[in-house]
Amino acid sequence: MRAFAPFASSAALLVAICTGAATAAQAAYEGPLFDTHLHYNEEASDGDTGPYPPAEALARIQRNDVKAIVANSRPNTGTQTLAAARETRAAGVTVVPFVRLYRTRADYTNWFRDESIYEMVQIELARGTASGPYRGIGEFHLYESANANGPVAKKLMALAEQRKLAVLAHVDDVAIDLLMSHAPSKGQSLRLIWAHTGIGGPPIERVQALLDRYPMLMGELSYRPGLTCEGGRLCPEWRALLLKYPDRFMIGSDTWVNQRWSSYDDTMRGYRAWLGDLPADVAQRIAWGNAAALFDVR
Ligand SMILES: [Zn+2]
């Protein structure tokens, strides 16, 4: 036995080297990022006196090589500010503006039946931004799926499809079906971005069934339960899903509270780490290409 011991340990050494080599090969993704879920709310900017005035917000975006953002804010003045800011142009960041449905926090739980929200959306769409017309509606929330059947929710889904506006929806899987049913195409041509791809973590099979049913459904991946495993690497079943649907997922910061602005670098570093677990072309699509194609950003 003793004579074989050196052989046994060199085999073990070989395994260790191979494993080490595989880990080293999974280098972080280093290309550009498209942040498809960015909020610039009033408590972040607070006019120009908040903790994250445009120069500070843009510095964070730029130093992470985020080249384009879906911007929305409560109220919409934050988006208007970012879209017009000198710093945005100086940073070379493309703003894709969305109309948020919230003037105040009270609107979170009432927008789907509040006619004045529909009117506000019409006014914002007519007004546009310094970075061009609004390209989408949201983010909005539905804490009860049935509220997807509210009269204003129905009208907004029809409007979104008619005007080719994307919809950023923080909803559960049941509400995805309901929202899609209100579009004239019954969901075949509604550009719906599913915020967090379901923050409640519906099973992979359910996500897959919805992606199959609705060809323009996209999954945004912030806060997605089950996405990453030990060391922030992709969990195997999610890696398989992303490889199966490389055109259907995107990343986002979800700066819904100021803490998310303070940890913006960590969020983006986290994305870059697990994107490195994917083949380079798939990583590039999820990081940038899918959103760039959706919004025609070059
Ligand atoms: Zn959000």
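User: Which residues does the UniProt annotation "domain: Amidohydrolase-related" cover?
Analyst: Keep in mind that we're looking at a predicted model. The annotation comes from an unreviewed UniProt entry, and it may be inferred rather than shown by experiment. The stretch it covers is residues 147-296.

User: Over residues 147-296, how far apart are the end C-alpha atoms?
Analyst: In secondary structure, that stretch is 49% helix and 9% strand. As for its two ends, their C-alpha atoms are separated by 32 Å.

User: Zooming out, how many helices and strands are there in the protein, and what is its radius of gyration?
Analyst: The protein has 13 helices and 8 strands. The globule rule gives 19 Å for 298 residues, and the model's value is close to that, so the protein is as compact as a globular protein of that length. The radius of gyration itself is 21 Å.

User: What share of the contacts between residues at least 6 apart in sequence join residues at least 24 apart?
Analyst: Some background on the protein helps here: buried residues make up 54% of its 298 residues, and its C-alpha atoms fill a box of roughly 85 × 40 × 30 Å along the principal axes. For contacts between residues at least 6 apart in sequence, the share joining residues at least 24 apart is 78%.

User: On to the metal. Which residues coordinate the zinc ion?
Analyst: The donor atoms sit at 2.0 to 2.4 Å from the zinc ion. Along the chain, the donors follow the spacing H-x1-H-x99-E-x114-D. In that order they are His37 (NE2), His39 (NE2), Glu139 (OE) and Asp254 (OD).

User: Is the site of the zinc ion tetrahedral or irregular?
Analyst: Four donors count as tetrahedral if all angles lie between 85 and 135 degrees, and as square planar if opposite donors are over 155 degrees apart and all others between 65 and 115. Here the angles among the 4 donor atoms run from 86 to 168°. The upper end lies outside the tetrahedral range, and the site is classed as irregular.

User: How many residues apart are histidine 39 and glutamate 139?
Analyst: Histidine 39 belongs to strand E1 (residues 33-39), while glutamate 139 belongs to strand E4 (residues 136-141). This pair links distant parts of the chain, and the separation is 100 residues.

User: Are histidine 39 and glutamate 139 buried or exposed?
Analyst: Buried means under 20% relative accessible area. Histidine 39 comes in at 0%, and glutamate 139 at 1%. Because both values fall under that cut-off, the two residues count as buried.

User: Which peptide bonds are cis, one into glutamate 139 and one into proline 75?
Analyst: Most peptide bonds are trans. In strand E4, the bond from glycine 138 to glutamate 139 is cis with omega near -5°. In the loop between E2 and H4, the cis bond has omega near -10° and runs from arginine 74 to proline 75.

User: Is asparagine 76 buried or exposed?
Analyst: Asparagine 76 lies in the loop between strand E2 (66-72) and helix H4 (77-84). Leaving out residues up to four places away in sequence, asparagine 76 touches Phe98, Val99, Arg100, Met120, Glu124 and Tyr134. Its relative accessible area is 4%, so asparagine 76 is buried.

User: Which cysteines does the disulfide join, and which of the two is buried?
Analyst: There's 1 disulfide, joining cysteine 229 to cysteine 235 with an S to S distance of 2.1 Å. The link is right-handed, with 115° about the S-S bond. Cysteine 229 is at 38% relative accessibility, so it counts as partly exposed. At 6%, the buried one is cysteine 235.

User: Which residues other than glycine have a positive phi, one in the loop between helix H3 and E2 and one in the loop between strand E7 and helix H10?
Analyst: Most residues other than glycine have a negative phi. In the loop between helix H3 (54-63) and E2, aspartate 65 has phi near 55° and is partly exposed at 25% relative accessible area. Tyrosine 223 is partly exposed too, at 38%, and its place is the loop between strand E7 (218-220) and helix H10 (236-244). With phi near 55° and about 60° respectively, the two are aspartate 65 and tyrosine 223.

Terms used
Residues numbered from 1 in each chain as written. Predicted model: local features only at pLDDT ≥ 70, side-chain atom pairs only at ≥ 80, totals over all residues. Heavy atoms only, no water. Donors = N, O, S within 2.8 Å, 3.2 Å for Na, K, Ca; no water. Tetrahedral: all angles 85-135°; square planar, octahedral: opposite > 155°, others 65-115°. Helix = DSSP H or I, 4+ residues; strand = E, 2+ residues; numbered from the N terminus. Buried < 20%, exposed > 50% of the residue type's maximum accessible area, 1.4 Å probe, protein only. Disulfide = S-S within 2.5 Å. Contact = heavy atoms within 4.5 Å. Rg over C-alpha atoms; globule rule 2.2 N^0.38 Å.
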